[in-house]
Amino acid sequence: MGLRKILTDKEPALHKVCKPVTNFDSKLFKLLDDMRDTLIESGGVGLAAPQVGILRRVVLVDVGEENNEIVEFINPEMLETDGEQYGPEGCLSVPGKYGLVKRPYYAKVRAQDRNGDWFEAEGEELIARCFCHELDHLDGIVYTEKMDRFLTEEELNADE
């Protein structure tokens, strides 16, 4: 199991634009496998390469209703968004905090898989939010730069 350290939002790497992946090789496969292990261990919904200190355009998103249906997105591009949702958002790089963020209700992404083949994926609600959130990481943007405000402890505990 290859766990990687998840950087916090204070780390400069999280605020830099990532470079495209050009080599689809064993080094990339190791990164993808380690990111998968790290995402599963963290309990998160998505993880971008800069969050583990690698400035490449690589994102993993758990798109499944069931645990660990993780899709690898290499060199992802946002093709389409529609609608609007406004709600709480968190990040593995901003542990223990949640902010109110406006995102599209629907998002469609085009990306390459680990073999370099292009594919498309789409989703609504949480998946759309996650696509947008993770692709922002690739451009050096952390959700705290887009949020209206952090949620208070009372707001976070209101559903309990």
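Reader: How many salt bridges does the count come to in this structure?
Author: Happy to start there: this is a predicted model, where local features need pLDDT of at least 70, side-chain atom pairs count only at pLDDT 80 or more, and totals for chains, interfaces and linings use all residues. Residues are numbered from 1 along each chain as its sequence is written, and side-chain values use heavy atoms, leaving out hydrogens and water. A salt bridge is a side-chain nitrogen of Lys or Arg within 4 Å of a carboxyl oxygen of Asp or Glu. By this rule, the number of salt bridges is 14.

Reader: Which helix holds both D34 and K30?
Author: The side chains of these two residues form a salt bridge, with N and O at 2.9 Å. Helices (H or I, at least four residues) and strands (E, at least two) are DSSP runs, numbered from the N terminus. D34 and K30 are 4 residues apart, about one turn of the helix, and their shared element, residues 26-42, is helix α1.

Reader: Is D34 buried or exposed?
Author: The classes are buried (under 20% relative accessible area), exposed (over 50%) and partly exposed in between, using a 1.4 Å probe and protein chains only. K30, its salt-bridge partner, has 45% and so is partly exposed. D34 has a relative accessible area of 6%, so D34 is buried.

Reader: How many residues apart are R114 and E72?
Author: Their side chains meet in a salt bridge, N to O at 2.8 Å. This pair links distant parts of the chain, with R114 in the loop between β6 (106-112) and β7 (118-124) and E72 in strand β3 (residues 70-82). Along the chain, their separation is 42 residues.

Reader: Which residue of that pair is buried?
Author: R114 has 21% relative accessibility, so it counts as partly exposed. The other partner has a relative accessible area of 10%, so the buried residue is E72.

Reader: What is the distance between the closest N and O atoms of R149 and E155?
Author: R149 is partly exposed at a relative accessible area of 37%, and E155 is partly exposed too, at 34%. The two form a salt bridge, and their closest N and O atoms are separated by 2.7 Å.

Reader: Which residues are joined into one network by salt bridges that share partners?
Author: Side chains of opposite charge can pair when their charged atoms come close. Here, salt bridges with shared partners make one network of E89, R103, R129, D136 and K146.

Reader: Which elements give two or more residues to the negative patch?
Author: The patch of negative charge on the surface gathers E80, D82, E122, E124 and E125. One of these, D82, lies in strand β3, and with a relative accessible area of 53% it is exposed. The elements that contribute two or more residues to the patch are β3 and β7.

Reader: What pattern does the chain follow along the sequence?
Author: The chain has 3 helices and 7 strands, and buried residues make up 44% of its 160 residues. Read along the sequence, the pattern is α-β-β-β-β-β-β-β-α-α.

Reader: What is the radius of gyration of the chain?
Author: Along its principal axes, the C-alpha trace spans about 45 × 30 × 30 Å. The radius of gyration is taken over C-alpha atoms, and the globule rule is 2.2 Å times the number of residues to the power 0.38. For 160 residues a compact globule would be near 15 Å, and the chain agrees with this at 15 Å.

Reader: What separates the C-alpha atoms of G53 and A13?
Author: G53 is in the loop between β1 (46-48) and β2 (58-62), and its 36% relative accessibility makes it partly exposed. G53 and A13 are 40 residues apart along the chain, yet their C-alpha atoms are separated by 6.2 Å.

How values were computed:
Patches are made of residues with over 30% relative accessible area and no salt bridge: like charges are joined within 9 Å, nonpolar side chains (Val, Leu, Ile, Met, Phe, Trp, Tyr) within 5 Å. Accessible areas come from the Shrake-Rupley method with a 1.4 Å probe; for residues, only the protein chains shown count as cover. Lys and Arg count as positive and Asp and Glu as negative; His and the chain ends are not counted. The place of a charge is taken as NZ of Lys, CZ of Arg, CG of Asp or CD of Glu.
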